[in-house]
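Reader: I am new to this structure and should be grateful for a close look at a single part of it. Please begin with one helix and the sheet beside it, and then place that part in its wider setting.

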Amino acid sequence: MFEILKRTEMAQGSVVLNELSAPQIAAKALPGQFVILRANETGERIPLTMADTNPERGTVTIIYQVVGKSTALFADMKVGERFLDIIGPLGKPTKIENVGTVVCVGGGTGVAVMHPITKALKQAGNHVISIIGSRTKDLLILEDKMKAASHDLHVCTDDGSYGHHGFVTDKLKEMLDSMDVGLVVGIGPVPMMKFVCKMTEQYKVKTLVSLNSIMVDGTGMCGCCRVTVGDQTRFACVDGPEFDGHQVDFNELATRLQAYTQFEKQAMDKYKCECQR
Amino acid sequence: MAQGKDTKEKLPRQAMPEQDPNIRKRNFDEVPTGYTPELAKAEASRCLQCKKPSCVEGCPVSIDIPGFIKYIQEGDFTKAIRKIWEKNSLPAVCGRVCPQEDQCEGSCILAKKGQPVAIGNLERFAADYERNYGSGELPPKKASTGKKVAVVGSGPAGLTVAGDLILKGHEVTVFEAFHKGGGVLVYGIPQFRLPKEIVASELHFLERLGVDIQCNTVVGKTVDVDELFEQGFDAVFIGVGAGLPRFLNVPGENLINIYSANEYLTRANLMKAYLFPEYDTPLAKGKEVVVLGGGNVAMDSARTAMRMGADRVRIVYRRSRDELPARQAEVHHAEEEGIEFYLLTNPTRFIGDDQGWVKGMECIQMELGEPDESGRRRPEPVSGSEFELPCDMVVIAVGSGANPVLTGNTHDLELNKRGYIVADPKTGKTMKKGVWAGGDIVTGAATVILAAGAGRLASDSIHDYLSIGW
């Protein structure tokens, strides 16, 4: 179990896709849910929202950006190697409804999380417009898949190297101005989700976000992933990971994500050192 | 004869050797180092072998205490452990973490005039001796019944059920959400109080008996209870613990470096964060740490923080010393290690710096009023007594509620208004056919031995069901 069946590099190697054998999870998983993985005995438990599942093959697909030691360790594993542990599917699945027109806004690796949700929303009969963005053209992921999953796709790059020159919120504003939108789903870096929500709030359009808070067990036991939603403390692992974006305290989330920055740097430096030996 | 009796009375209770507090407060090695065979025999010789042993009545799993102690007196340690195994699958654990002073030892006849027999220490000795020097021979197992039992949760309740039913000839599979079995024994109780190697060895013992332990399986998510029946299980025991941390709901609670005890202890124990960066999971090293709460979990958190290198660790508790719910031995150990107690004190808000890190706590003095429903005197704030306590890390250890992951995804399971499973206290039977429950998910947060006791009652009832019917 938990063997890596496929490994693909994206965004110039900064993002990696793994298709993993995990039949029990694949049989149950729904869009929006996540798994927790651990590479080896000394490894951390890392939560990742599934980018795809294939119940027939018994596989789940994860796509992650290499940011710290644990993701670097994941990325260094080859096809045929195994993760020591995978648990899931965790969290509540996305509530898929037909609301008419939906705009799916994905930024960075958030596009990977967005993909299965986009597919499901389209299957449910919505008219789906997607807006995906990245800092620069080379870092854009899953353009073809998002195109296939949507009726209409817009691409934005911060530096203008591809598609619209500017932020995803620029395109989102165009959509909100020109049509009746029933739902916006925004998934990406915290600042992006925050600005998407600020904008949709002005248009009073319901907005879902998927939160990537720090977790340990993923079953509501440790309380580490707590986020303030509408003045209440909620646990992203069991109450989420998706919440009404207009209620989320994004500043607190961004702050809490900084909790282990120093440790992460120390772990990464040590790992690089060991890899060079 | 009379002379022999006199000697028995005069021999004092044999203390178990411990690591020096000034050394142990900076390491994670076990605090008490264990009896030698000589010390064990000397302590066992204090037992009067009562005809009507009240110690057994005080034991939630009814171990034949005089029986196993007699074997230790005689130096037959193998027979001693076999006697314990008849009633308890987890002696190395229970010998370490049971509140013996309130149970077996509290009922010991010697306690009336002096010091009770150190039953817990002797249980621990028998288990450790077997693990280190025993033959490895397994207890006898009944012929296979062909019945299959699913046990959800691998903590003390689940492991007791698994150990009992495998010996009675049933096939047992234990499902655990974490990547390692043991439940609270591995994520909650620190290494210095219960070494993880010992839990691993108890689990291995069950595996050698034939118990299948499936980790990484969240029942309620990966598979649900009804699906377990569809897969061919004849009975299901739910022993998932409480597992929902309580917070105080005071302002600033989500500042960085404010942990729930569950998170703090899970990172430290299960994920071995105290060995970072050898292990990858990080854990803050507070200089001035405050632990909120007065139970065993608070003591464990405070002593862990000290071992992580804190300069100062304070326990802030809203009642007085007499109401501390922790075992006296744990309070004593904490004090020896330099943990300070701020009693009759309650936090009113947490104060953060401009980067969102906790830097202090506003507290208020409390005084005790009339007893509340828990029987403890209700603490009330003294107005105008607010003061500030500087700190750079806080661990909240004020208890836990019922985790809804399994109960929220299981049909026909009756829950009480606080979300705990309703089960018959004598049998563990729930309202759902073929399903039993026991331990913290039924009673709310309690002790290892009470969970094991609930497991024992449930396993007897499950065995009856599998032999006779519902």
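Author: Helix α14 of chain B, residues 261-270, lies across strands β6 and β14 of that chain, and runs at about 85° to β6(B). Helices (H or I, at least four residues) and strands (E, at least two) are DSSP runs numbered from the N terminus; contact means heavy atoms within 4.5 Å; and angles, from 0 to 180 degrees, are taken between the N-to-C directions of lines fitted to C-alpha atoms, for helices over the stretch in contact. The model is predicted: local features need pLDDT of at least 70 and side-chain atom pairs pLDDT 80 or more, while totals for chains, interfaces and linings use all residues. Residues are numbered from 1 along each chain, chains are lettered from A and ligands numbered from 1 in the order written, and side-chain values use heavy atoms, without hydrogens or water.

The sheet beside this helix is open and has 5 strands in the order β6-β14-β7-β8-β9 of chain B, with parallel pairing; two strands pair if DSSP finds at least two bridges between them. At its edges stand β6(B), residues 258-260, and β9(B), residues 340-342, each paired on one side only. From one strand to the next the twist averages 25°. Within the sheet, β7(B) (288-292) and β14(B) (393-396) are joined in the parallel sense by 4 bridges, and L292(B) stands opposite I396(B) of β14(B).

Chain A offers a second sheet for study. Its 7 strands follow the order β11-β10-β9-β8-β12-β13-β16 in an open sheet with mixed pairing. The edges are β11(A), at 164-165, and β16(A), at 242-244, each pairing on one side only. Strand β13(A), residues 207-210, runs antiparallel to β16(A) and is joined to it by 3 bridges; here V209(A) stands opposite F243(A). Helix α5(A), residues 168-178, lies across β8, β9, β10, β11 and β12 of chain A, at about 160° to β9(A).

Elsewhere in chain A, Q12(A) lies in the loop between β1 and β2. Its relative accessible area is 67%, so Q12(A) is exposed (over 50%; buried is under 20%, partly exposed in between, with a 1.4 Å probe and protein chains only).

Finally, the count over all chains is 0 disulfides, a disulfide being a pair of cysteine sulfur atoms within 2.5 Å. C222(A) is in none, and its nearest cysteine sulfur, that of C224(A), is 4.4 Å away. In chain B, the sulfur of C104(B) is 6.3 Å from its closest counterpart, in C59(B), and therefore too far for a bond. Both C222(A), at 3% relative accessibility, and C104(B), at 8%, are buried.
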